[in-house]
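Me: I'd like to go through the hollows in this one, pockets and cavities alike. Can you take them one at a time?

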Amino acid sequence: MSDRVVVFYDYQNTYMQARRLYHQGWEDWNMGQFDPVALARHLAADSPYDRHLHQVRIYRGQPDASKQPGSYGASRRQHSQWESDPLVELVTRPLRYPPAWPKERPQEKGIDVQLTLDFAVMATRGEYDVGIMVSADTDLKPALEYVAELTTARGRPRAEVAAWSVNGQHCRRLAISRRNLYCHWIGEDVYKKVQDKTDYTRSA
């Protein structure tokens, strides 16, 4: 049987990395968005081994409807689009608003913890054969280290990472000491194929 691939997205981190690498700061905020399922299919196929995409897990902070009604509505429309695909499992946590908000931006709270926990627990339970983590957040390293130890002990599952690249220049990628994690470098040609230019601030 082919290996089950589960792709884990730290969505906001991955979106911001794409925006910095492929776009200018003055461009509309939908520049940097990508189709998580289309990209996950590319990552699952980016291997000489027999693999298939089993699940796409997206982790993201959720704006408060009373504080940011526009952002809340846009995020819900985008989430609805993602969840129309049965492969998608969306995990959200409320954004944390600092006392100085709106002068200070809200922050994601608990998303990295939830992603780390799920990556490790699902590996322990044998719920995937290959887990691909898409993020540059170093707070996620403990989960990669844990799964790498499982691989040494059991032979599986396998932890891999993915990161953007352009013109031979690579974006930040996750790595752990004394382990050679395979990295799927996602070039600009792939980004253009999976880019999502939809303006979710506009209701249908």
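Reply: Sure. First a term we'll need: helices are DSSP runs of H or I with at least four residues, strands are runs of E with at least two, and both are numbered from the N terminus. Also, keep in mind that this is a predicted model.

Me: Which helix gives the largest share of the lining of the second largest pocket?

Reply: That pocket has a volume of about 180 Å³. Helix H5 (141-154) and E5 each bring at least two residues to its lining. The largest share, 3 residues, is from H5.

Me: And how do the residues lining the second largest pocket divide by class?

Reply: The lining includes Ala148, Thr151, Arg158 and Arg179. By class the split is 4 nonpolar, 4 polar and 2 charged.

Me: What gives the most to the lining of the largest pocket?

Reply: The largest pocket comes to about 1200 Å³. Of its 37 lining residues, Gln12, Tyr15, Met16, Trp29 and Arg60 are the closest to the centre. H1, strand E2 (51-62), helix H3 (69-83) and helix H4 (111-124) each supply at least two lining residues. With 7 residues, the top contributor is H1.

Me: Now the closed space: what volume does the largest cavity have?

Reply: Counting cavities of 30 Å³ or more gives 1. Among its 11 lining residues, those closest to the centre are Gln17, Ser135, Ala162, Ala163 and Trp164. Helix H1 (11-22) and strand E5 (158-166) each supply at least two of the lining residues. The volume of this largest cavity is about 60 Å³.

Key
Residues numbered from 1 in each chain as written. Predicted model: local features only at pLDDT ≥ 70, side-chain atom pairs only at ≥ 80, totals over all residues. Heavy atoms only, no water. 1 Å grid on protein atoms, 1.4 Å probe; cavity = no way out; pocket = protein on both sides within 12 Å on 5 of 7 lines; lining within 4 Å. Points joined across faces, edges and corners; volume = space filled by probe spheres on them. Nonpolar A, V, L, I, M, F, W, Y, C, P; charged D, E, K, R; others polar.
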